[in-house]
Amino acid sequence: MEKLTLLDKRRKHFIDAIFDYLKRKNKSTTFERTVDGIKYRVDLDTEVLKQSLINLYENNICRKEAGA
């Protein structure tokens, strides 16, 4: 079994909270978006949310706060 870092644990808890929220509110994990006239269907899963967290949030924080 692989040891999880603190950051991995935080990500997992955050992702679990998002799915729990969607389930409680009877919301779907599938979204349709139109970009430049083309419809895209996005199915949220753990990996999609994890990569979104890393790309949209964590990388921006690292750039702004730590200068990394």
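In the next few minutes I will walk through a handful of residues and elements in the structure shown above, which is a predicted model.

Let me begin with helix 1, which spans residues 6–24 and which holds R11. Is R11 buried or exposed? Its relative accessibility is 12%, and because buried means under 20%, R11 counts as buried. If we set aside residues up to four places away in sequence, R11 touches K50, L53, I54 and E58. One of those partners, L53, is worth following, since L53 has its own list of contacts beyond four places in sequence, namely R11, F14, I15 and E58, and E58 is thus a residue that R11 touches and that L53 contacts as well.

L53 also brings us to the largest nonpolar core, which has five residues in all: I15, L22, L44, L49 and L53. Which elements give two or more residues to this core? They are helix 1 and helix 2, the latter covering 46–66.

From the core I would like to move to T29, which sits in the loop between helix 1 and strand 1, the strand being 30–35. With a relative accessible area of 29%, T29 is partly exposed, because that value falls between the 20% limit for buried and the 50% limit for exposed. Leaving out neighbours within four places in sequence, T29 is in contact with F19, L22, V42, D43 and L44, and of these, L22 and L44 are among the core residues that I listed a moment ago. As for distance along and across the chain, T29 and L7 are 22 residues apart in sequence, and their C-alpha atoms are separated by 24 Å.

That leaves the strands. Strand 1 and strand 2 run antiparallel and are joined by six bridges, and within this pairing V35 stands opposite I38 of strand 2. The hairpin that the two strands form has two residues between the strands, and in it D36 takes a positive phi near 55 degrees.

Which residues form a nonpolar patch on the surface? The patch consists of V35, I38 and Y40, which together have about 280 Å² of accessible area, so that the facing residues V35 and I38 both belong to it. Y40 lies in strand 2, residues 38–43, and with a relative accessible area of 45% Y40 is partly exposed. As a general point, side chains in a regular strand alternate between the two faces of the sheet.

Notes. Residues numbered from 1 in each chain as written. Predicted model: local features only at pLDDT ≥ 70, side-chain atom pairs only at ≥ 80, totals over all residues. Heavy atoms only, no water. Helix = DSSP H or I, 4+ residues; strand = E, 2+ residues; numbered from the N terminus. Buried < 20%, exposed > 50% of the residue type's maximum accessible area, 1.4 Å probe, protein only. Contact = heavy atoms within 4.5 Å. Core = buried A, V, L, I, M, F, W, Y, C linked by side-chain atoms within 4.5 Å. Patch = residues over 30% accessible without salt bridge, like charges linked within 9 Å, V, L, I, M, F, W, Y side chains within 5 Å. Areas by Shrake-Rupley, 256 points an atom, 1.4 Å probe, with all protein chains shown as cover. Salt bridge = Lys/Arg side-chain N within 4 Å of Asp/Glu carboxyl O. Pairing = 2+ DSSP bridges.
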